[in-house]
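Trainee: I am new to this structure and would like to go through it step by step.
Mentor: Then ask about one part at a time, with the structure in view.

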Amino acid sequence: MKRSVYHLSFLFLIFATALQSYGQDVQVTGKVTDATIGETIPGVSILVKNTTIGTTTDIDGMYSIGVQIGSELVFSFIGYETQTIVVGQQKTIDVAMKPAITGLDEVVVVGYGVQRKSDVTGATSTLDDADFNAGIVTSPAEMMQGRISGVQVTTNSGEPGAGSTVRIRGSSSIRANQDPLYVVDGIPLNITSITPGAATAAGINASANKDPLDFLNPDDIESITVLKDASATAIYGSRGSNGVILITTKKGEIAEKGGREGELTYGYYAGISMLPKKLDVLSTEAFMDASDKFNLGLTDMGKKTDWQDEIFRTAITQSHNLAYSGGTDKSNYFVSFGYLNQDGIVNRTGIEKLTGRFNASQKLFNDKLTITTNLSVSRIKDDRVPIGETGGYEGDVLISALRGNPTFPVYNDDGSYFQQSSTYRNPVAMINLTNDNTYTDRFLGNITASYKIFKDLTYKLNLGIDHANATRKMSQDAELSYLVNDGQASIANIELDNQTLENYLTYNKQLNENNHLTALLGYSYQKFDEKGYNLIVDGFTVDGIDYIDNLQYGDFDNAFVGSFKQQNELQSFYARLNYAYKNKYLLTATGRADGSTKFGANNKYGYFPSVGVAWRLIEEDFIQDLGIFDNLKFRVGWGLTGNQEIPNKISLLAIGTAANANYFFDGENLSTGTTFIRTPNPDIKWETTMQTNVGFDFGFFNGKLSGSIDYFYKETKDVLLMLTSLAPAPTTYMWMNVPDMRIKNSGIGIDLTGVIIDKKDLSWTATFNFSTIKNEVVDLPVDLIETGVASGAGLSGTRVQIIKDGYPIGTFWGKQFLGYDADGISIYKKDAEGNDVKEDLGSALPTVTLGLYNAFTYKNFDFSFFINGVFGNKVYNNTANALFSMPSFSKGNNVTEDVITSGESVDNTPEFSSRFIEDGSFVRLSTATLGYRIPFKKSSWVRSLRVYVTGSNLFLITNYSGYDPEVNTNGEYDGVPSMGLDYTGYPRARTIQFGVNARF
């Protein structure tokens, strides 16, 4: 007891002494220096917080000020971070100020390294976490859609996990893949489709490919950098012609000595999605009235069925993301888990995704060695229904719903599905009697070792593995009336492996006060393996079983079994030199040599140089004297890049069976023989794209307005085509490079950022991007190349797009529709001899794309919205061509109201023509978000908590008559891709989501 009294007395004495000293005056002196280089800083403002008492440092960085103990001193100076220090008993306070990182000093990711933004000579754009598109996004393409000039992202459909078409500065090839190269944490990906095929019924062809990048959790992505011009992409050589997208995932922060307390973050949202609009097909009453009006006598079963209501639903989405990160001055770590369950707005469609990530780094041996690892795993389950990208007159789920007779019932009186005949398809039965599930497992990981050989020279080793395995299991119940061999089961599998080995040296040297040099020299090797199998068995008649799990009940006499395997390798040597003189004149020179197994024996290697120069005009006195600019930089870049994404083995001889390879072995019986099916061409080489870029980066009004403007010209030569062989030749066609042909792209891109209001409680920031691109094919060696396969009744063998000399890729080509004659028969434009004329009907390529983003904050509230627009492009409404005509109505198919009043005769033939080419321009309110940050005391275990509501696809302004003009059904023909086709495209949903983000 006595000891406790002593303790209390002692504590009281300490408290009384502290209370007596608090508020006493003390004279504080000290020195202020730069924390980076240690030099003193004159002119630093030192202010007693919440008073007007202050002083500044003298020419030697010294200061002296009288304050009260317990006061706070605020140290501030332009270009440095402000610091606040509480005054205690000490009479000397020295301060080391850290330089503030401005926009120009930000470090951006480039190929095989990083650079200060101010030192970049190429055309690049970077989005970070604050710039990404809000809403329910499942892949990086959706995160950046509409946010960067010169980058067009088209979501191919509204299906959960749907693939996207990404074009950077136009289309540069015909036969080769036009997708950009994706690099995730230093690993170049093979984005070959990993959507296994499946058995299809008559009239329903292959379903659309899913997004090969949806294995990435958007919450794990820290930044996305797009390399646009050749001076930026040439470091990736043979894969740089379509642009490069660098994806960097989140890492734990390197902390000061002693470590940083770990941080736990959790994000959750729930969303409600619905169909924005239904197509205005006829109701039961209107359907029968029209039947009577035209004396068609169509079947009336007395029901009032809205088939669109039967297949669409209000869909629910849930997402959970949990992450933990931390670090010390020697290491950092980031661990995350994600779960997404997104229902599609078509019944029984959706995606379920589980992801995990572990990123970490550790410094060893006095910081000379740094080991870094990035590991991610994912499992995705896709649920699908019979919706095909192309098909015949019978139709898939969407075609069957749109054309369905509204007087027909969904079910018979006994509860079975109403299926009038093998040609009429009940879309509800198609959905519920088909099980189509794909399970995709993916592992992407790399480990890097970076060793500082001496102060200015670093060696880096990067080892990476990308493994994907997708299995699709599909069964179609024997109850489906259109199956010709009873029930059917199919299993398909695709397995991809990508192994990466990279070594490179980086020399970074400040030669003297005016000269800085960075040099890179490296070697890269990648091996790509792809294999798969498929099995189709029909003849199932047993009820109440899952065909997939009971294959023995099928008819194996008619079973189909197939498999494949292929392998490719890529070996590369590369170098880059960055030189800066007075931080004012900048040079980047790059060279890369790539060797690929895909090319002919005489041209295995390609060589891809580039050069970029920049002049930081803001460093010139005559620019500074103008008092206008905060930043001004002029850039010029030139380079050659290649494209190795071509079909496999096309340079080699192929022998196989063919229709013309049969012969009479014994003079009587016809036997199957072998023949040449591909003529070898050992001279096949890389398509090469030359690109020139001229640009300015600028800033005004103390950083209030900044941006860039670029002009580019891109020309692809040695275009790879499959052309008619020169006689004599063993095959009709052969692959070859066309030396004189060119594909040209030119355009302008503008990116602007404005800080309109920047006050303590109120801010408003806006970003805007604009781009215009012109595409043209020059010196095509044939009259035209057809693509764009039309689907539906009466359209077999119709191709709607062409590649033609003097026209852009994606040109629609056909008859010009002029209306109907007195008998309701189509009238088309004719030439002087009275023949129908086929001509240019417009291009699927847009002439202008733009995006506008606005973000506001008021105290703890935040509000943002994003609008994007596409203009000048055309869309072929294949769905309308196949369904919405009077001849189709006369056969008992439903149609839209405008068909009934069009004046068309039931005897007309609705051929492909400009009648079905529509303006694809649109303006979309893509997202709008309102959030509120709930304030917590600094001592609280909750660091921050934000609740929000986001709306996606809130409104759409367009003249397009289909569900949505942003669609890209795959109608490729003979390997030539199409664009701008809409055939039963899965509609894009309108979504409202409610979420919370918390940090602990």
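**Strands, loops and a patch**

Mentor: We begin with one bridge: Asp-594 is partnered by Gly-606, which lies in strand 28. Keep in mind throughout that this is a predicted model.

Trainee: How many bridges pair strand 27 with strand 28, and in which sense do they pair?

Mentor: Strand 27 covers residues 585–596, and strand 28 covers residues 605–616. One position to look at is Leu-587, which stands opposite Val-613 in strand 28. The two strands pair over 11 bridges, and the sense is antiparallel.

Trainee: Which residue in strand 29 is the bridge partner of Val-613?

Mentor: Strand 28 is also joined to strand 29, residues 629–643, by seven bridges, and these two run antiparallel. Within strand 29, the partner of Val-613 is Val-636.

Trainee: Which side chains of strand 28 point to the buried face?

Mentor: The side chains alternate along this strand. Tyr-605, Tyr-607, Pro-609, Val-611, Val-613 and Trp-615 point to one face and are not buried. Those that point to the other face and are buried are Gly-606, Phe-608, Ser-610, Gly-612, Ala-614 and Arg-616.

Trainee: In the hairpin of strand 26 and strand 27, which residue takes a positive phi?

Mentor: Strand 26, residues 555–581, pairs with strand 27 in the antiparallel sense over 12 bridges. Phe-573 stands opposite Ala-593 of strand 27. Three residues lie between the strands of this hairpin, and the one with a positive phi, near 60°, is Lys-582.

Trainee: What is the phi of Asp-718, and is the residue buried or exposed?

Mentor: Asp-718 is placed in the loop between strand 35 (705–717) and strand 36 (719–724). Its phi is positive, about 55°, although Asp-718 is not a glycine. Because its relative accessibility is 10%, and the cut-off for buried is under 20%, Asp-718 counts as buried.

Trainee: Asn-295 has a positive phi as well. Is Asn-295 buried or exposed?

Mentor: Asn-295 is a residue other than glycine, with phi near 55°. It sits in the loop between helix 4 (284–293) and helix 5 (307–311). Its relative accessibility is 70%, and exposed means over 50%, so Asn-295 counts as exposed.

Trainee: Which strands are at the edges of the open sheet of five strands?

Mentor: The order in this sheet is 10-15-16-13-14, with mixed pairing. An edge strand here pairs on one side only, and the edge strands are strand 10 (124–128) and strand 14.

Trainee: Which residue of strand 16 stands opposite Val-226?

Mentor: Strand 15, residues 221–227, and strand 16 run antiparallel and are joined by six bridges. Opposite Val-226, in strand 16, stands Ile-245.

Trainee: Where is Asp-185, and why does it count as buried?

Mentor: Asp-185 is in the loop between strand 13 (181–184) and strand 14 (187–188). Among the residues it touches, beyond those up to four places away in sequence, are Ile-247, Thr-248, Arg-357 and Asn-446. Asp-185 counts as buried because its relative accessibility is 14%.

Trainee: Which residue offers its backbone oxygen at 2.9 Å from the side chain of Asn-242?

Mentor: Asn-242 lies in the loop between helix 3 (230–233) and strand 16 (244–249). Asn-242 is buried, with a relative accessible area of 6%. Its contacts, leaving aside neighbours within four places in sequence, include Ile-168, Gln-178 and Asn-643. The backbone oxygen 2.9 Å from a polar atom of its side chain belongs to Asn-177.

Trainee: How far apart in space are Asp-343 and Asp-383?

Mentor: Asp-343 is in strand 19, residues 331–343, and counts as partly exposed at 27% relative accessibility. Its contacts beyond four places in sequence include Pro-160, Arg-313 and Thr-349. Asp-343 and Asp-383 are 40 residues apart in sequence, while their C-alpha to C-alpha separation in space is 9.0 Å.

Trainee: Which residues make the nonpolar surface patch of about 380 Å²?

Mentor: One of its members, Ile-465, is in strand 23 (residues 457–476). Ile-465 counts as partly exposed, with 44% relative accessibility. The patch is made by Phe-358, Leu-375, Val-377, Phe-443 and Ile-465.

Key. Residues are numbered from 1 along each chain as its sequence is written. This is a predicted model: local features need pLDDT of at least 70, side-chain atom pairs count only at pLDDT 80 or more; totals for chains, interfaces and linings use all residues. Side-chain values use heavy atoms; hydrogens and water are left out. Helices (H or I, at least four residues) and strands (E, at least two) are DSSP runs, numbered from the N terminus. Buried means under 20% relative accessible area, exposed over 50%, partly exposed in between (1.4 Å probe, protein chains only). Contact means heavy atoms within 4.5 Å. Patches are made of residues with over 30% relative accessible area and no salt bridge: like charges are joined within 9 Å, nonpolar side chains (Val, Leu, Ile, Met, Phe, Trp, Tyr) within 5 Å. Accessible areas come from the Shrake-Rupley method with a 1.4 Å probe; for residues, only the protein chains shown count as cover. A salt bridge is a side-chain nitrogen of Lys or Arg within 4 Å of a carboxyl oxygen of Asp or Glu. A polar contact is a pair of N or O atoms within 3.5 Å; within protein, one must be able to donate a hydrogen and the other to accept it, and residues adjacent in sequence count only if both atoms are side-chain atoms. Two strands pair if DSSP finds at least two bridges between them.
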